[in-house]
Amino acid sequence: MSVHDELTSVQRCLDDLVRSVKRLEQQLDGGGLEMRRVRTDADHLRESVALLRETAPGLAKPKRPDLVSIPDTPYDTTLWTDSDDEGLGARDRHAP
């Protein structure tokens with residue numbers, strides 16, 4: 001698996017963990033200090049994976065290529081003086 005796939009898998013597992021912790025916290029009516037520690041640890045893990053995703057090599061956002069403006073003015077016809085028309089051949093010869 002690639003680093004991106006692994007990080008996505010870890011993120012999915014952490015999302016499941018956070019949901020489970022919330023359900024457990026509701027069942028325990030808050031759960032006191034221990035439950036708060038578990039919730040805080042799960043949140044820290046999510047933040048750490050998010051930071052890792054930002055700094056992981058090879059996961060940098062691809063740069064957009066610089067745009068090249070194309071003028072609306074017609075091209076110089078001398079560019080095509082000795083060119084062949086695709087499928088038709090040269091201008092001064094006839095197709096067989």
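Accessible area here comes from the Shrake-Rupley method with a 1.4 Å probe. With that in hand, the overall numbers. The protein chain has an accessible surface of about 8900 Å². Carbon and sulfur atoms hold 56% of that surface. One caution before I go on: this is a predicted model.

Now the fold. The protein chain contains 2 helices and 0 strands. Helix 1 covers residues 3-27. Helix 2 covers 32-55. Of the 96 residues in the protein chain, 11% are buried. Then look at the contacts with a separation of 6 or more. Residues 24 or more positions apart make up 63% of them.

Let's take the helices one at a time. Helix 1 has 25 residues. From its first C-alpha to its last, helix 1 reaches 36 Å. The value expected at 1.5 Å a residue is 36 Å, so the two are close. Helix 2 has 24 residues, which should span 34 Å at 1.5 Å a residue. The end C-alpha atoms of helix 2 are 35 Å apart, and that agrees. Just past helix 1 comes Asp 29, with a positive phi near 55 degrees.

What is buried in helix 1? The list is Leu 7, Gln 11, Leu 14, Val 18, Val 21 and Glu 25. These buried residues pack against helix 2. And which residues of helix 2 are buried? They are Met 35, Ala 42 and Val 49. The buried residues of helix 2 pack against helix 1 in turn.

One more pair ties into this picture. His 4 sits in helix 1. Its partner for this comparison is Arg 53, 49 residues away in sequence. In space, the C-alpha atoms of His 4 and Arg 53 are 8.0 Å apart. His 4 itself is partly exposed, because its relative accessibility is 40%.

On to the charges. Side chains of opposite charge can pair when their charged atoms come close. How many salt bridges do we count? The count comes to 3. I'll walk through each.

Start with Arg 46 and Asp 15. Their side chains meet in a salt bridge at 3.4 Å, N to O. This pair links distant parts of the chain, with Arg 46 in helix 2 and Asp 15 in helix 1, 31 residues apart. Arg 46 has 32% relative accessibility, so Arg 46 counts as partly exposed. Asp 15 is partly exposed too, with a relative accessible area of 24%.

Next, Arg 19 and Asp 16. Their side chains form a salt bridge at 2.2 Å, N to O. Both residues lie in helix 1. They are 3 residues apart, about one turn of the helix. Arg 19 has a relative accessible area of 45%, so Arg 19 is partly exposed. Asp 16 is partly exposed as well, at 37%.

That leaves Glu 25 and Arg 39. The closest N and O atoms of this salt bridge are 3.0 Å apart. Again the pair links distant parts of the chain: Glu 25 in helix 1, Arg 39 in helix 2, 14 residues apart. Is Glu 25 buried or exposed? Buried means under 20% relative accessible area. Glu 25 has 16% relative accessibility, so Glu 25 counts as buried. Arg 39, its partner, is partly exposed, with a relative accessible area of 30%.

Stay with Glu 25 for a moment. Which residues does Glu 25 touch, leaving out those up to four places away in sequence? Glu 25 touches Gly 30, Met 35 and Arg 39. Met 35 is one of the buried residues of helix 2. Arg 39 is the salt-bridge partner we just met.

Last topic: the surface beyond the helices. Where is Trp 80? Trp 80 lies in the segment after helix 2. Trp 80 has 39% relative accessibility, so Trp 80 counts as partly exposed. Trp 80 belongs to a nonpolar patch on the surface, together with Ile 70, Tyr 75 and Leu 79. The accessible area of the patch is about 500 Å² together.

To recap. The chain has 2 helices and 0 strands. The buried residues of helix 1 pack against helix 2. The salt bridges number 3. And the nonpolar patch includes Trp 80. Over to you.

Note on methods:
Residues numbered from 1 in each chain as written. Predicted model: local features only at pLDDT ≥ 70, side-chain atom pairs only at ≥ 80, totals over all residues. Heavy atoms only, no water. Patch = residues over 30% accessible without salt bridge, like charges linked within 9 Å, V, L, I, M, F, W, Y side chains within 5 Å. Salt bridge = Lys/Arg side-chain N within 4 Å of Asp/Glu carboxyl O. Helix = DSSP H or I, 4+ residues; strand = E, 2+ residues; numbered from the N terminus. Buried < 20%, exposed > 50% of the residue type's maximum accessible area, 1.4 Å probe, protein only. Contact = heavy atoms within 4.5 Å.
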